[in-house]
Amino acid sequence: MKLTVVGCSGSYPTPGNPGSCYVIEQDGFRLVLDLGNGSLGPLQDVLDPESGDGSFAVLLSHCHVDHCADVAPLYVMRHYGPARQAVRLPLIGPSDVAARISAIYGMTDPADLDLVFDVRSFEPGAMAVGPFTIQVARAVHPVEAYSIRVSAGGRSITYSGDTGPNAALATLAAGTDIALFEASFVGDANPVDLHMTGADAGRAATAADAGLLLLTHLVTWNDDDVVLREASAEFSGPIERARPGMTITV
Ligand SMILES: [Zn+2]
């Protein structure tokens, strides 16, 4: 599997770093994990979002705008753009995807989303999407949100999405090759059930016995080095900070 970081900025886009968006590729099929604000542009450096060849699908961890907003311009691209795809694109996420995306777009009828997307909700257990097996666990966040494990060819990448610390994340990520975990906060003066600190991410990676901790969703107002130090105090394996354009193959 090849992981490409399209955008990983915490909570809002910054110059050169859109909201959350990751692409995982296996056997020519691409899974787009989140499509946060600003990500549709640089996503086009990785794949053709207008393509109707059935070679990709979109998964949304939750419907905060920094994780889902660019589904709205993707609707425009595929419905009105020159390629005008008749093929509906799989769009899989929480149960509120249609309501939330149609509200961002300003649709009068959420059913119009069905013109472009095959909207589905996450299911318990394992889901097959292209060559991937998808498993999810409910995250701890103010809206319906999920952590997502993507497996193929005996390897796996587990994406925390946005979540406060919780035991289900480590269970979902058990033995994963890459723990793509958010670390939005530092220290201990954090709101409950919202985000993780570097230390929280490190503890979860240790509990999961992850191969690599890839810290993401770092916010601009914190010092990245502090987040990395906090994580390394809790996880003895390799740690990297996600950066836009970064690729890792496992
Ligand atoms: Zn969120």
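These questions and answers go through how some labels for this predicted model are earned.

Numbering starts from 1 along each chain as its sequence is written. Because the model is predicted, local features need pLDDT of at least 70 and side-chain atom pairs count only at pLDDT 80 or more, while totals for chains, interfaces and linings use all residues.

Q: What makes a stretch of this protein a helix or a strand, and how many of each are there?
A: Both are DSSP runs numbered from the N terminus: H or I over at least four residues for a helix, E over at least two for a strand. The protein has seven helices and 14 strands.

Q: How do you know whether the radius of gyration agrees with a compact globule?
A: The rule, taken over C-alpha atoms, is 2.2 Å times the number of residues to the power 0.38. For 250 residues that comes out near 18 Å, and the protein has 17 Å, so the two agree. The C-alpha trace spans about 50 × 35 × 35 Å along its principal axes.

Q: Why is Phe-181 called buried?
A: Buried takes 20 or more other C-beta atoms within 10 Å of the residue's own (12 or fewer is exposed, in between is partly exposed, and C-beta atoms are placed from the backbone). Phe-181 has 31, so it is buried. This residue sits in strand β11 (residues 178–182). Across the protein, 50% of the 250 residues count as buried.

Q: What is Phe-181 in contact with, leaving aside its neighbours within four places in sequence?
A: Contact means C-beta atoms, placed from the backbone, within 7 Å. The partners of Phe-181 include Ser-160, Met-196, Ala-201 and Leu-213. Gly-130, 51 residues apart from Phe-181 along the chain, has its C-alpha atom 24 Å from that of Phe-181.

Q: What makes β6 and β14 edge strands?
A: Strands pair if DSSP finds at least two bridges between them. The open sheet runs β6-β5-β4-β3-β2-β1-β14, with mixed pairing. β6 (117–121) and β14 (247–249) each have a single partner strand, so one side of each is left without a neighbour in the sheet.

Q: How do you know that β3 pairs with β2 and with β4?
A: β2 (residues 21–26) and β3 (residues 29–33) share five bridges in the antiparallel sense, and β3 joins β4 (residues 56–59) through four in the parallel sense. Arg-30 shows both sides: its bridge partners are Glu-25 and Phe-56. Gln-26 is bridged to Phe-29. In the β2 and β3 hairpin, with two residues between the strands, Asp-27 has a positive phi near 50°. β3 is mostly covered, with four of its five residues buried.

Q: Which residues of α4 are buried, and what covers them?
A: In α4 (residues 97–105), Val-97, Ala-98, Arg-100 and Ile-101 are buried. Their cover includes α2 (65–68), α3 (71–80), β5 (89–93) and β6. After α4 comes Gly-106, with a positive phi near 90°.

Q: What describes the crossing of α6 and α7?
A: Axes are lines fitted to C-alpha atoms, for helices over the stretch in contact, and angles run from 0 to 180 degrees between N-to-C directions. The axes of α6 (residues 198–208) and α7 (residues 224–232) come within 7 Å and cross at roughly 35°. The crossing is right-handed: the near helix is turned clockwise from the far one by less than a right angle, where anticlockwise would be left-handed. Among the residues that meet are Gly-198 and Ala-201 in α6 and Val-227 and Leu-228 in α7.

Conventions: Contact = placed C-beta atoms within 7 Å.
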